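Please read this note with the structure open beside you, and find each residue as it is named. The points begin with the enclosed spaces and then turn to the nonpolar cores.

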Amino acid sequence: MSDVKTIYLDEYTPPSHHISHTDLTFEIFDEYTLVINRMQITRLDKSVDSIYLNGEGLNLITLKIDDMQVTGQFTQTDEGVELICHKDTFIIECETKIYPDENTTLEGLYRSGTILCTQNEPEGFRHITYFIDRPDNMSIFTTTIIAQTERYPVLLGNGNLVDQKLYEDGRHMAKWEDPFAKPSYLFALVAGDLGAVNDSFTTMSGREIALNIYIDKGNEPKCGHAVRSLKKAMKWDEEKYGREYDLEIYNIVAVDSFNMGAMENKGLNIFNSHYVLADEDSATDQNFMGIESVIAHEYFHNWTGNRITCRDWFQLTLKEGLTVFRDQCFSADMNDASVQRISDVKALRERQFVEDAGPTAHPIKPQSYIEINNFYTATIYEKGAEVIRMIHTLLGEEKFRAGMDLYFETFDGQAVRTEDFLWAMHSQGGFDLERFSRWYSQERTPTLQVHESYDAVAKEFRLDLKQVIQPTTKGEEQLPYYFPLGFSLLDNRGEKISYTLQRENQPLIGRSILIVEEGVETFIFKEVQQQPILSINTGFSAPFKIEHPEADFDFLMRYDNDGFNRYEATQKAAIKALNAFTETGAVEHTYIEGFGAILADENLGLESKAFMLELPTLSVLMQEQERIDVQPISKALAAVKKALASRYKESMLAIYTKHHKPFNSALDAQSMGERSITNAVMGYLVSLEDDDINRLCLKQYDESVTMTDRIVALDLLENFAPHLAEDRLRHFYERYKEDTLVMNKYLSVLSASEREGTLERVQALQHDPVYDVKVPNLVRALLGVFARNAVAFHAPTGHGYAFLAE
């Protein structure tokens with residue numbers, strides 16, 4: 001980083017040349033790989049007499065133009081080569097030598113265990129060969145791979161398999177052809193001795209697609225859920241968006257050493273094994289749901305990311321925000337939509353709101369970057385998805401689908417901008433494009449101040465809204481947003497009440513969504529026959545923080561008929577109770593009673609109830625403070641939890657007894673809901689430090705067949721009964737020490753522990769045989785989880801900071 005260079009969006013220039021076809025040959029040897037790259041090139045800018053090819057860490061052997069050796073006509077640097085060429089069409093051929101075993105960046109071609117694999121997004125391809133390595137250079141790739149048959153019996157590339165050969169010297173060849181033009185970041189190669197699970201899918205036009213998941217041998221039984229998830233996603237995309245898969249083969253490869261969750265390379269997805277492998281003994285319900293979501297996300301990229309890609313990396317949210325929205329909708333359709341929405345927003349607040357509040361805040365479409373890898377953020381992905389969701393809300397399902405159809409028809413096979421997507425959406429009408437576009441260019445999480453009043457004589461309800469928009473990290477002022485605002489006016493039984501708007505032209509979608517256009521705005525509802533209870537931002541219709549001093553959270557947590565807003569009310573009521581506790585040392589009676597009402601509500605789904613019984617996390621509570629002090633809020637959380645457990649001990653035990661089924665490993669909604677609710681109440685009960693309950697928690701660890709129940713019990717014992725946890729931790733370690741994915745869970749339990757000595761244990765675990773600093777999942781499990789452990793990381797000694805910095 002000695003020569004820091006900032007890249008700016010407004011300095012974008014189109015490429016001077018285009019590589020229409022790329023013919024690659026990889027000859028894999030034990031110590032190195034030879035890459036022969038033959039590119040058909042067209043000059044786009046006639047005023048340019050040279051072509052620049054990106055390339056880093058490459059050993060250049062030969063370089064030819066139209067089969068003639070290039071000698072003094074090029075300049076080579078550490079970042080690429082520039083060649084003099086006056087032709088309009090020509091062929092460049094270069095041969096390079098690379099060393100995958102020495103590549104620890106996990107970019108380009110590298111080794112993960114016994115497997116050679118690639119990761120090229122965003123700029124990894126330049127570590128493989130010389131190329132115009134930018135997303136707006138879309139090329140048709142043919143890939144030939146030659147390797148030793150015994151060591152690398154499986155050779156995979158993008159597209160369709162068109163040829164295979166065996167050679168007499170013990171080597172073999174596979175040739176792959178991708179008929180669809182793509183940027184180099186979507187190129188992929190895998191070579192190794194792998195097991196496979198094979199299946200097929202019949203598309204809506206009757207085509208048979210071969211589905212293959214490649215994994216380390218022995219892991220075949222753990223792929224069933226991934227296969228089922230893939231087939232569900234393929235069917236859903238056909239039904240929801242009319243998008244059919246376009247190749248003959250869809251391959252997935254799972255590897256341990258992978259920096260991201262997964263990568264959507266055309267026809268050859270490479271996955272972090274965490275998002276492929278699962279069975280009841282090693283994966284939690286959350287893992288199973290994560291696999292379903294990520295498998296779908298990468299598949300959906302085939303159209304929103306691959307067939308239509310980004311013009312440049314500033315447009316990253318174009319593919320990621322849109323595809324996250326699509327995978328969230330898929331998960332909502334496959335499972336409980338209300339639970340999915342709660343999960344999505346909870347993750348947004350714990351990751352993206354924090355990012356937006358700090359010094360690295362950025363818009364979903366940044367204007368500059370130094371290192372593009374640093375923009376694979378919750379803002380680009382999750383906030384980007386919320387922006388797409390607002391468009392969906394503004395347009396409605398039918399018009400949104402029409403806008404998507406126009407987007408696909410107009411831009412298929414192109415590298416485009418967010419403006420092109422917004423053009424397709426705006427063609428359907430329904431929103432102010434200029435003002436809505438501020439969501440792409442502005443940073444920080446806005447606040448909406450809500451005030452309400454009711455005139456009993458005039459039967460009028462007044463709603464006053466004011467947007468509070470913080471300046472940027474550079475102190476620049478920002479403008480108000482244009483957005484849909486969900487709401488309900490409820491009577492004292494939680495039923496919606498009728499009204500009319502004062503003016504016919506006041507913006508309203510249906511009967512439950514207001515369109516907010518200005519920084520300060522007032523809505524008047526007439527013919528409101530009684531004082532209404534307002535439920536605002538229903539379904540989390542816009543990514544705002546809400547300040548609503550008149551809100552009746554105690555009522556809403558009992559009676560709101562919007563699943564998300566009822567959860568929201570429980571969180572707000574809990575925050576209010578926790579703040580009161582830090583001042584008075586007592587827990588508010590109204591909150592205790594409201595909590596009890598949720599506990600006793602038989603009409604709530606079990607998983608929804610589990611969410612609503614949760615106290616706010618330390619991360620959420622820290623966001624409520626101007627000056628963060630972890631210890632008081634941590635103590636308040638513990639005290640309120642214990643008070644609730646003490647008040648409702650018998651009710652919680654009754655729920656646990658009714659729903660705890662240690663031998664049930666089914667993944668249906670009822671079974672997962674039962675595990676959610678029993679683990680939620682056990683989380684309260686263990687805070688009582690009761691020997692009988694501790695024994696019940698031990699029994700849960702010993703008897704349960706699911707990892708869900710077992711890991712929760714282990715975590716609770718570690719935090720609340722460490723004298724009992726030691727033996728079970730040792731048992732867990734010995735049982736699973738050969739399984740890296742389960743060891744991630746083991747390390748996470750210990751690094752998330754809030755008891756004394758966590759830092760010292762984390763430091764010691766760096767030297768444990770199961771820990772490997774070269775495996776990103778293990779680093780995230782140990783150091784990443786520790787950094788999110790507010791109690792240990794923010795310890796007053798400062799030792800947590802010093803450790804992580806070192």
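1. In this predicted model, helix H17, which spans residues 669-685, supplies four residues to the lining of the second largest cavity, and this is the largest share of that lining. The cavity itself has a volume of about 40 Å³.

2. The residues that line this second largest cavity are His659, His660, Lys661, Asn664, Ser671, Glu674, Arg675, Thr678 and Asp709. Sorted by class, the lining has five polar and four charged residues, and no nonpolar ones.

3. The structure holds two cavities of 30 Å³ or more, and the largest of them contains about 60 Å³ of space. Its lining includes Lys222, His274, Asn287 and Lys745, and helix H21 (residues 740-752) gives the largest share, namely three residues.

4. Which classes of residue make up the lining of the largest cavity? There are five nonpolar, three polar and two charged residues, with Leu277, Ala278 and Val742 among the lining residues.

5. Turning to the cores, the largest nonpolar core has 158 residues, of which Phe436 and Phe525 touch the most other members. Helix H5, covering residues 378-395, contributes nine residues, the largest share of this core.

6. When neighbours within four places in sequence are left aside, Phe436 is in contact with Val387, Met390, Ile391, Leu394, Leu422, Phe431 and Tyr482. A second core, separate from the largest one, has 92 residues, among them Ala645, Leu747, Leu759 and Val775.

Notes. Residues are numbered from 1 along each chain as its sequence is written. This is a predicted model: local features need pLDDT of at least 70, side-chain atom pairs count only at pLDDT 80 or more; totals for chains, interfaces and linings use all residues. Side-chain values use heavy atoms; hydrogens and water are left out. On a 1 Å grid over the protein atoms alone, a cavity is a set of points where a 1.4 Å probe fits but cannot get out, and a pocket is an open set with protein on both sides within 12 Å along at least five of seven lines; lining residues have an atom within 4 Å of a point. Grid points are joined across faces, edges and corners, and a volume is the space filled by probe spheres set on the points. Helices (H or I, at least four residues) and strands (E, at least two) are DSSP runs, numbered from the N terminus. Ala, Val, Leu, Ile, Met, Phe, Trp, Tyr, Cys and Pro count as nonpolar, Asp, Glu, Lys and Arg as charged, and the others, Gly among them, as polar. A nonpolar core is a set of buried Ala, Val, Leu, Ile, Met, Phe, Trp, Tyr and Cys residues joined through side-chain atoms within 4.5 Å. Buried means under 20% relative accessible area, exposed over 50%, partly exposed in between (1.4 Å probe, protein chains only). Contact means heavy atoms within 4.5 Å.
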